[in-house]
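Q: Please take a close look at the small sheet in this structure, strand by strand, and then at what surrounds it. I would like to know how the strands pair, what is covered, and where the cavities and the nonpolar core come in.

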Amino acid sequence: MALLFDSLVLNVITFLTSVTLILYLYFTRKYKLWKNRGIPYIKPLPFVGNFKDVVLQKYGIGHYLKIVYDEHKDKPYVGVFAFHQPALVVHDLDLIKSVLVKNAQVFMNHKFTVQEATDPLLHNNIFTLKGQKWRHMRTYLSPTFTSGKMKNMFYLVNKCAKELVEYVDKTHSPTVHVKETMARFTTDVIASCALGLDTGSLQSEDPKFRHMLRNVFNLSPLKAVASALAFFSPDLLKILRIKIIDDNVTDFVRNSVWETVEYRQKNGIIRKDFLDMMIELRKKMQQDPSSGINRDTDRMEDDFVAQAFIFVTAGFETSSSTMSHALYELALHPEMQHRLRAEITNVLAKHDQCVTYEGIQEMPYLDMVVCETLRKYPIVTFLDRDTNTDYKLPPPNEKVMDATLPAGAAVYIPVLGIHYDPKYYPEPDNFDPERFTEENKKSRPNFSYLPFGEGPRICIGMRFGIMQTKTGLIHILSNYEVSPAKDTPIPLTFDPKPFLLTSLGTLPLNFTKIST
């Protein structure tokens, strides 16, 4: 019996050793690629490559790439390994221009990849779509985001901003938990504009729609790893088959979209919002055989729902975080807050005390405050691209004559690192809207400011996000003086799990009603 047990133990040890060796050889098989090509690189560890601290959630992805940028900013680019996949972190602004604009056809797709079977709404939306299917969808959607369409929807955004003020008025304490409050506002805005829903997030104690959106961004450690794999090792994510979006969220969005579509079509309702435009888009998708969009009815309907999903999720989190960070900085800098409030007061006086789409365009300091907020707190802290064919890089030094980026390698642009480079932004930890005067903007090199990306893949919802952010700030600041609360964190700390920049905690600030 003892011999049998010893034999079994030996077999198990042999099996585990063999599996470990096979995995080691698999994960390290490309680790000499950058060295062989003469490209500067960071030495990787087995299995995790250079992303140990990301896997252990010591740093968020954007903050880790900022560390790489800070330590290697003397180089135009540096090679890393995302688990077993080779990737290039690009620092040189001219090369960034080539990746995002000049040679965008080589870097057309995001590296971010999920499987349709596990995450259909993430797989089919415009952010994740690739190749010709992305081109067709972008062409279809672009007219949805013109300034004229934004103006048509402004009344919906402004209505929610008025309800935001009413919500704060009803708060029994001078301390407002800004992150949750702004998230409720942007939830109501995006649900109204994208889905035609009155979610009541600013009226209800526990709004269902807000709860669903919170589930998208409150990632468990496992889902945080899955999100990182989608950016850095999609093939490994495919093997593991981990869902990033829960089925109940997917079903909720599907049902919300179709119930609203059916109600509008049955009752002839037109609101000039995103959903109306998406209904028209759906008709074009059905009628255009060259669209590249799924012809299978059920799958085509998921294409349609996926666009609504990305409008909701992207428009909700990005704008609420930007508003929260702007109010935080203005609370810490009362002189800037007073200057901005004076500008708001003057413009409102010209427009019969009404917040108007045209009036917002007459507030240059507000624009400077929002731009500086997005500089210091870029929601998307890095940009990712896939390389679809071999690409000849400019040599990193005189010793290398031919540095080639191989097809399939990822390219990462460290937005957070660039935004904090004192070469472009002196004393980058300081909040200074004056960086964004017209004169100062012209003095900085192109591609040193990338909160929305650039080129063909620039954020399609940029105008809408800025519009709802500015509208909410105008209503808040024309009614309240904002100041630090007893528990306001100084400085902010950030959650390492989401790939979007998210500060930890509720961000409490004191709101004092301005007497009129």
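A: In this predicted model, the sheet is open and has four strands, in the order β1-β2-β7-β4, with mixed pairing. Its edge strands, each pairing on one side only, are β1 and β4, the latter spanning residues 383-386. On average, and ignoring direction, neighbouring strands of the sheet are turned by 25° against each other. In general, the strands of a sheet pair through backbone hydrogen bonds, in a parallel or an antiparallel way.

Both senses can be followed from β2. Towards β1, the pairing is antiparallel and consists of six bridges. Within it, Ala82 is opposite Gln85 of β2, and Val80 is opposite Ala87 of β2. The hairpin of β1 and β2 has two residues between the strands, and in it Phe83 adopts a positive phi near 60°. Towards β7, the pairing is parallel, with three bridges. Here Leu88 has Val411 in β7 as its bridge partner.

How much of β2 is covered? Six of its six residues are buried. The cover applies to both faces: Gln85, Ala87 and Val89 are buried on one side, and Pro86, Leu88 and Val90 are buried on the other.

Next comes helix α4, which connects the sheet with other parts of the chain through its contacts. The helix covers residues 61-71, and its buried residues are Ile61, Gly62, Tyr64, Leu65, Lys66, Val68 and Tyr69. Three strands of the sheet are among the elements that cover these residues: β1 (77-82), β2 (85-90) and β7 (410-413). Helices also take part in the cover, including α3 (52-55), α11 (221-232) and α19 (415-419).

Two of those helices, α3 and α11, appear again at a cavity. The structure holds five cavities of 30 Å³ or more, and the second largest encloses about 120 Å³. Sixteen residues are not listed here in full, but of the 16 that line this cavity, Val54, Ala224, Val225, Ala228 and Lys497 are the closest to its centre. The elements that each give two or more residues to the lining are α3 and α11. With five residues, α11 gives the most.

Val225 is worth following further. This residue sits in helix α11 and is one of those closest to the centre of the second largest cavity. Is Val225 buried, partly exposed or exposed? Val225 counts as partly exposed because its relative accessible area is 26%, which lies between the 20% and 50% limits. Apart from residues up to four places away in sequence, Val225 touches Val55 and Gln57. Val225 and Gln57 are 168 residues apart in sequence, yet their C-alpha atoms are 8.6 Å apart in space.

A contrasting pair is Asn255 and Val400. Asn255 belongs to helix α13, residues 247-267. Its relative accessible area is 44%, so Asn255 is partly exposed. Along the chain, Asn255 and Val400 are 145 residues apart, and 57 Å separates their C-alpha atoms.

Turning to the nonpolar core, nonpolar side chains in soluble globular proteins tend to be buried together. Here the largest nonpolar core has 155 residues, of which Phe232, Val257, Leu327 and Phe511 touch the most other members. Helix α15 (residues 297-332) supplies the largest share of this core, 14 residues. Without counting neighbours within four places in sequence, the contacts of Phe511 are Val168, Pro174, Val176, Val178, Leu327, Ile476, Tyr480, Glu481 and Val482. A second, separate core has five residues, among them Tyr328, Tyr377, Leu501 and Leu507.

Finally, there is the largest pocket, with a volume of about 560 Å³. Its lining has 27 residues, and Cys371, Tyr449, Phe452, Met462 and Ile466 are the closest to its centre. At least two lining residues come from each of α8 (147-169), α17 (357-360), α18 (364-376) and α21 (462-477). Of the elements, α21 gives the most to this lining, with five residues.

To return to the starting point, β2 pairs with β1 in the antiparallel sense and with β7 in the parallel sense, and its residues are buried on both faces.

Note on methods. Residues are numbered from 1 along each chain as its sequence is written. This is a predicted model: local features need pLDDT of at least 70, side-chain atom pairs count only at pLDDT 80 or more; totals for chains, interfaces and linings use all residues. Side-chain values use heavy atoms; hydrogens and water are left out. Buried means under 20% relative accessible area, exposed over 50%, partly exposed in between (1.4 Å probe, protein chains only). Contact means heavy atoms within 4.5 Å. Two strands pair if DSSP finds at least two bridges between them. Axes are lines fitted to C-alpha atoms, for helices over the stretch in contact, and angles run from 0 to 180 degrees between N-to-C directions. A nonpolar core is a set of buried Ala, Val, Leu, Ile, Met, Phe, Trp, Tyr and Cys residues joined through side-chain atoms within 4.5 Å. On a 1 Å grid over the protein atoms alone, a cavity is a set of points where a 1.4 Å probe fits but cannot get out, and a pocket is an open set with protein on both sides within 12 Å along at least five of seven lines; lining residues have an atom within 4 Å of a point. Grid points are joined across faces, edges and corners, and a volume is the space filled by probe spheres set on the points.
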